[in-house]
Amino acid sequence: MENKDNIGANPDSKPSELNIDPNEDMRDEAKGLWESIKEFLSDLLDIREDTDRSTTVEAIRKDIPFKGHNAWILIFSIFVASIGLNVSSTAVVIGAMLISPLMGPIVGIGLSIAINDAIMMKRSFVNLAVMIVLSVLTATLYFSLSPVKEVTPELMARTWPTILDVFIAIFGGLALIVAKTKSGTIASVIFGVAIATALMPPLCTVGYGLSQSIIGNSEGLYWALGALYLFSINAVFIALATFTVSKLLKFPLVKYANQKTRKRTTRMATLIAVLVLVPSVWTFLRLLNQQIFITRAKAFVTNTIKYEGAEIVKETDDAEKRRIDIYLIGKLVPQNLITQWEDEFKKTEDCENCTLVVHQGADQSGELAARLSTEVRSGILEDLYVKNQEAMTSKDEQIRLLENEVTQLRGTALPFASMRNEAKINYDGLKRFGYATEITTDFSGGIDTLTVVRVEWADSLSQSVRNKQQQKLGQWIKERFSLDTVVVNGNVWRKK
């Protein structure tokens, strides 16, 4: 009876089963999932295991020296790049960048600072300086001797850096040093970085600017300094990327027997790293702010500057002065609307201290024409000239086609008056004369053109004489007028 009270009762539960926490299970599962993700990403992105540090350092050391073959390769590649820029050929410029040896000393600078190698650092700086001087001199010589002096789009694209150039140099430099550190260097990456970072074209543009400055072009020196600035940015950020990756991969520092020498080298490398890093950050932020201003200014102009009957012919953005100049033609915009645009522009984000200037034909004295730059006016004239040339070319082609058709018709037309008079003199009994051009086909696809002559003879001529005269007449017309085939029909007008 004692067991009856226990029928249907739950067995004693274990303490662990009584304290189950669903949230704790979810946390454990989430933790396991996160660990799996971290392990996957680590396997995917970790490059430390496949990094050959000693081989990388030796390979970079070998790329630093600049003499012999490298010197001549640089000179020839500078000539190739200068020609490509001179004729605005992108393909030629790319080819020159592929054969240029400029990248070696720049990577050497970044690595030497990272591993405190004073000797490598000195060699890299010296070789880079020699390369720059030799490149600029070669380009200046070429552009001074070249008969083509006009500035091309390829040259103008290298006269001032943008924030995009900084990004290209940063990510290109990272790709380059990662490729170099891999066991078995990836050559295609190195070639791609050489093209993307474009170290050589800016140096060629420096030479072009100097050559223009020599012949008295006031903008030449400005172009040269801007191009040199672009080259400096590319070089600095490639070296900085090399330095960063080398530190992250923990390349071993160079060991010095003398403790004093080691400390001095470390201080020097640190000082150079700071001197490179601080201006780089400042340059990056400065160019970023300029790009933000230009982007917001263009968006404002596109979305706000609208007035029916007025057209924007030119827009200039001066990021240094934080100013936009807009040139309008057509219907005059009321001044109160222009003032409203100016107020709205100053309320735009990052444009609080910026200036919007609208130029239009409000002044009848021609001041707008004076304000419009030569570039705008020449651009408008160029468009008109191109359109007129296209119209003239089309008309010329039509005239040429009609002339050809007339010539063909004249070629098939025979001088009837001359034929008639000569035939009358040479052939007795000829009473009537005529000819026609006949087009025939045998339906097999070919078309023939025949000259058919029709004549009428006097009744006094016998049939044999008529036949003989007709045969002779056909031969005469064929030879006289250089015809392939002549058909002569006699007495076709004779009345029955």
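# Strands, helices and turns in a predicted model

Q: Which residue is the bridge partner of Arg323 in β3?
A: In this predicted model, strand β2 covers residues 323-330, and β2 pairs with strand β3, residues 355-359, in the parallel sense over five bridges. Within this pairing, the partner of Arg323 in β3 is Thr355.

Q: How many bridges join β1 to β2?
A: Strand β1, residues 310-318, runs antiparallel to β2, and the two form a hairpin with four residues between them. One bridge of the pair links Ile312 to its partner Leu328 in β2. The number of bridges that join β1 to β2 is eight.

Q: What is the phi of the turn residue Arg322 in the hairpin of β1 and β2?
A: Arg322 is found in the loop between β1 and β2, and it is partly exposed, with a relative accessible area of 26%. Its phi is positive although the residue is other than glycine, and the value is about 55°.

Q: How far apart are the C-alpha atoms of Ile329 and Gly309?
A: Ile329 is found in β2 and is partly exposed, with a relative accessible area of 37%. Leaving aside neighbours within four places in sequence, Ile329 is in contact with Gly309, Ala310, Glu311 and Val313. Ile329 and Gly309 are 20 residues apart along the chain, and the separation of their C-alpha atoms is 8.6 Å.

Q: In which order do the strands of the open sheet of three strands stand?
A: The pairing in this sheet is mixed, and β4 and β6 stand at its edges, each with a single partner strand, so one side of each is left without a neighbour in the sheet. Direction ignored, neighbouring strands are turned by 25° against each other on average. The order of the strands is β4-β5-β6.

Q: Which residue in β6 is the bridge partner of Val455?
A: Strands β5 and β6 pair in the parallel sense, over five bridges. One of the residues taking part is Val455, whose bridge partner in β6 is Gly490.

Q: How far apart are the end C-alpha atoms of helix α18?
A: Helix α18 takes in the 18 residues 463-480, and at 1.5 Å a residue these should span 26 Å. The distance in the model agrees with this expectation, the end C-alpha atoms being apart by 25 Å.

Q: Within what arc do the buried residues of α18 fall?
A: The buried residues of α18 are Arg466, Gln469, Gln470, Leu473, Gly474, Trp476 and Ile477. Seen down the helix axis, these residues line one face of the helix, whereas Ser464, Lys468, Gln471 and Glu479 are exposed on the other side. A helix has 3.6 residues a turn, so residues three or four places apart point the same way. The buried residues of α18 fall within an arc of 165°.

Q: At about what angle does α18 run to β6?
A: What covers the buried residues of α18 includes helix α17 (416-426) together with β4 (430-441), β5 (447-457) and β6 (486-490). The helix lies across β4, β5 and β6, and its angle to β6 is about 150°.

Q: How many of the 15 residues of α11 are buried?
A: Helix α11, residues 200-214, should span 21 Å at 1.5 Å a residue, and its end C-alpha atoms are 22 Å apart, which agrees. Its buried residues, among them Met200, Leu203, Cys204, Val206 and Tyr208, pack against α4, α5, α7 (118-145), α8 (153-156) and α12 (220-248). The helix is largely enclosed by the rest of the structure, because the number of its residues that are buried is 12.

Q: Which residue with a positive phi follows α11?
A: The phi of this residue is near 100°, while α18 is followed by Ser482, whose positive phi is near 55°. The residue that follows α11 is Gly216.

Q: Between which helices is the loop that holds Ser88?
A: Ser88 is partly exposed, with a relative accessible area of 28%, and its phi near 60° is a positive value in a residue other than glycine. The loop that holds Ser88 is between α4 (69-86) and α5 (90-99).

Q: What share of the residues in the protein is buried?
A: The protein has 18 helices and six strands, and its accessible surface comes to about 30700 Å², of which 58% belongs to carbon and sulfur atoms. Of the contacts with a separation of 6 or more, 71% are accounted for by residues 24 or more positions apart. Among the 496 residues, the buried share is 35%.

Terms used
Residues are numbered from 1 along each chain as its sequence is written. This is a predicted model: local features need pLDDT of at least 70, side-chain atom pairs count only at pLDDT 80 or more; totals for chains, interfaces and linings use all residues. Side-chain values use heavy atoms; hydrogens and water are left out. The expected span of a helix is 1.5 Å times one less than its number of residues. Buried means under 20% relative accessible area, exposed over 50%, partly exposed in between (1.4 Å probe, protein chains only). The arc is that of the directions from the helix axis to the C-beta atoms. Contact means heavy atoms within 4.5 Å. Two strands pair if DSSP finds at least two bridges between them. Axes are lines fitted to C-alpha atoms, for helices over the stretch in contact, and angles run from 0 to 180 degrees between N-to-C directions. Accessible areas come from the Shrake-Rupley method with a 1.4 Å probe; for residues, only the protein chains shown count as cover.
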